[in-house]
Protein chains: 2
Amino acid sequence: MRIGKLAERAGVSVRALRYYEEQRLVIADRSPSGHRQYPESAVERVKFIQLLYSAGLSSKAILHVLPFLDTLTATPQMTQRLKDQRDRIRTQIDDLTRAHDRLNDLISLASESEISPATCSASRG
Amino acid sequence: MRIGKLAERAGVSVRALRYYEEQRLVIADRSPSGHRQYPESAVERVKFIQLLYSAGLSSKAILHVLPFLDTLTATPQMTQRLKDQRDRIRTQIDDLTRAHDRLNDLISLASESEISPATCSASRG
DNA sequence: CTTGATCCTCACGCTGGCGTGAGGTTTTAG
DNA sequence: CTAAAACCTCACGCCAGCGTGAGGATCAAG
């Protein structure tokens with residue numbers, strides 16, 4: 001499959017795919033004319049990469065995690081890196097949850113302050 | 001209180017505080033000589049700003065949310081913005097959770113692949 | 001009065017994940 | 001055969017949240 005199709009199917013831009021290759025996250029065969037050729041499996045791979053990016057991993061961190069996908073065997077070091085990232089994400093989730101709750105508190109206050117005194121008793125029963 | 005003390009107490013850099021002022025997130029009085037003067041309340045305000053930054057809000061988004069802290073009254077538009085941000089955070093939490101779970105799956109696989117065949121039956125009962 | 005800590009205002013640098021041409025080749029549809 | 005679409009390689013641009021001097025004023029203590 002060529003780069004345009006992969007981009008479409010994985011939901012990323014062509015530019016992004018070239019960038020991933022630059023970061024060595026994805027390896028592509030080349031046709032005699034130099035066009036990139038991807039296997040079917042690249043779709044899932046790119047989607048996984050996107051998942052990790054959206055979770056805040058850097059290209060470098062992803063690069064350290066990906067080899068496991070290929071070989072399905074991990075060195076203790078790789079396992080540790082996976083755990084480190086997982087823990088970092090958990091921490092981030094906790095931070096976000098705190099912010100989420102704080103915002104929710106504010107929303108409650110805001111909703112009340114919005115309501116005119118006359119309708120207040122009606123809406124709060 | 002002056003900027004150094006506020007930075008220390010709020011757990012941010014002096015540079016960051018100047019940046020927040022540039023973004024109009026924090027307003028500071030000035031001494032005759034031009035030094036910034038902050039009230040006690042600035043500590044909590046800055047901590048709250050940090051919370052929102054860590055939740056991925058931009059300066060602009062924070063700027064739209066903060067007036068509520070000062071007035072304790074919200075326009076419907078402000079309430080809506082609060083809700084939008086809360087929803088965005090929730091979405092982000094979901095993304096992170098998915099990544100977290102995927103990584104956990106990988107960690108399970110990795111832990112297995114790490115174990116030598118001889119010890120495998122022992123560790124898996 | 002002096003010294004060192006703290007403060008001030010520019011203003012450039014950095015990082016990451018791409019966007020976006022420029023200028024040229026290749027593939028594909030008709 | 002031709003035109004459009006898709007591809008290629010540079011390579012600069014962007015944004016955000018600061019870090020990090022440069023060069024100078026101000027403050028607190030002895």
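Trainee: Which rotation superposes chain A on chain B?

Mentor: This is a predicted model, in which local features need pLDDT of at least 70, side-chain atom pairs count only at pLDDT 80 or more, and totals for chains, interfaces and linings use all residues; side-chain values use heavy atoms, with hydrogens and water left out. Residues are numbered from 1 along each chain as its sequence is written, while chains are lettered from A and ligands numbered from 1 in the order in which they are written. Copies are superposed by least squares on the C-alpha atoms of residues with pLDDT of at least 70 in both. The superposition has an RMSD of 0.1 Å and a shift along the axis of 0.0 Å, and its rotation is 180 degrees.

Trainee: What relation is that?

Mentor: The rotation of 180 degrees is accompanied by 0.0 Å of shift along its axis. The relation is therefore that of a two-fold axis.

Trainee: What percentage of the contact residues of chain A recur in chain B?

Mentor: In chain A, the residue that comes closest to the rotation axis is A:Ile93, whose C-alpha atom is at 2.9 Å. The same surface serves both copies, and the share of contact residues of chain A that recur in chain B is 100%.

Trainee: What area is buried between chain A and chain B?

Mentor: Contact means heavy atoms within 4.5 Å, and 36 residues of chain A are in contact with 37 residues of chain B. Buried area is the accessible area (1.4 Å probe) that two parts lose on being put together, summed over both. Carbon and sulfur atoms give 76% of the total, which is about 3400 Å².

Trainee: Which residues of chain A lose the most area to chain B?

Mentor: The area between the two chains is about 3400 Å². On the side of chain A, three residues together account for 18% of what is buried: A:Leu96, A:His100 and A:Leu103.

Trainee: How far apart are the end C-alpha atoms of residues 79-106 of chain A?

Mentor: An unreviewed UniProt entry places a "coiled-coil region" at these residues; such annotations may be inferred rather than shown by experiment. Helices (H or I, at least four residues) and strands (E, at least two) are DSSP runs, numbered from the N terminus. The span is 100% helix and 0% strand, and its end C-alpha atoms are separated by 41 Å.

Trainee: Which element gives the most residues to the surface near DNA strand D?

Mentor: A residue is near a strand if one of its heavy atoms lies within 4 Å of it, and the 21 residues around DNA strand D include A:Arg36 and B:Ser13. A polar side-chain atom of A:Arg36 lies 2.8 Å from a phosphate oxygen of this strand, whereas one of B:Arg15 lies 3.0 Å from a base oxygen. Helices H1 (3-10) and H2 (14-22) of chain A and H2 (14-22) of chain B each give two or more residues. With 4 residues, the element that gives the most is H2(B).

Trainee: Which element gives the most residues to the surface near DNA strand C?

Mentor: DNA strand C is surrounded by 22 residues, with A:Ser13 and B:Arg36 among the closest. A phosphate oxygen of this strand is 2.7 Å from a side-chain N or O atom of A:Ser13, and another such contact, with B:Arg30, is at 3.0 Å. The element that gives the most, with 4 residues, is H2(A).

Trainee: What percentage of the atoms of DNA strand C within 4 Å of the protein belong to sugar or phosphate?

Mentor: The atoms of DNA strand C within 4 Å of the protein are divided between sugar or phosphate and bases. The share that belongs to sugar or phosphate is 75%.

Notes: Polar contact = N/O pair within 3.5 Å; in protein donor to acceptor, adjacent residues only side chain to side chain.
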